[in-house]
Amino acid sequence: MLDAILSAQCARGLTAAGPGPSTIPAGLYELFLENVVLPCRIGVFDYERDAPQRVRIDLLLQVRQDGVQFSDDIGDVLSYDDLLSGLKRILMDEHTNLVEMLAEKIARMCLGHEQVQSARVSVAKLDIYDGVAVPGIRLERTRDQMPGQSPPASRRPLVIADRRI
């Protein structure tokens with residue numbers, strides 16, 4: 001069965017790397033950290049405040065590559081260990097009510113690394129519905145959305161005064 005699926009994908013031009021040409025801009029590479037399952041103090045209900053619950057986190061980062069080619073020096077790349085340590089600090093730091101805020105904190109941590117240009121973050125609460133469903137959120141943030149930076153004039157929202165007659 002798997003062979004038939006793979007053959008059909010190949011016939012349509014789909015491979016494990018994805019369809020068609022790369023969408024990664026020149027000078028960047030994608031770094032991912034997937035299926036990170038850790039305890040987290042999260043939730044608005046009393047029973048969620050009593051004990052940590054498991055969350056699953058997936059990260060997909062676009063990272064600036066400072067050379068034409070990679071060297072074999074760990075100092076030249078973003079470390080997975082640094083990302084995982086940052087996740088652990090955030091998850092056990094303080095209670096967070098909403099997965100939306102947790103994802104926002106994680107995106108900020110990722111974008112705190114100067115070479116990270118964008119961060120896609122997925123957070124799922126694994127134990128909330130006893131395996132029947134897994135609720136969660138996905139979001140994407142870019143460097144130009146970092147706090148303290150105003151968006152370019154072309155991307156600022158247009159505010160129109162509400163005038164009642």
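Over how many bridges do strands β3 and β4 pair, and in which sense? In this predicted model, strand β3, which spans residues 116-125, pairs with β4 in the antiparallel sense over 7 bridges. Within β4, glycine 136 serves as the bridge partner of alanine 124.

These two strands belong to an open sheet of 4 strands, arranged in the order β1-β2-β3-β4 with antiparallel pairing. The edge positions are taken by β1 (28-40) and β4 (136-142); each has a single partner strand, so one side of each is left without a neighbour in the sheet. On average, and with direction ignored, neighbouring strands of this sheet are turned by 10° against each other.

Two helices that pack on the sheet were examined. Helix α3, formed by residues 80-93, packs on the sheet and touches β1 and β2 (53-64). The direction of α3 makes about 35° with that of β1. Helix α4, formed by residues 99-111, also packs on the sheet, where it touches β1, β2, β3 and β4. The direction of α4 makes about 150° with that of β3.

The loop between β2 and α3 contains glutamine 65. The relative accessible area of glutamine 65 is 19%; this residue is therefore classed as buried, the criterion being a value under 20%. When neighbours within four places in sequence are left aside, glutamine 65 is in contact with Gly27, Leu28, Tyr29 and Phe70.

Notes: Residues numbered from 1 in each chain as written. Predicted model: local features only at pLDDT ≥ 70, side-chain atom pairs only at ≥ 80, totals over all residues. Heavy atoms only, no water. Pairing = 2+ DSSP bridges. Axes fitted to C-alpha atoms, helices over the stretch in contact; angles between N-to-C directions. Contact = heavy atoms within 4.5 Å. Buried < 20%, exposed > 50% of the residue type's maximum accessible area, 1.4 Å probe, protein only.
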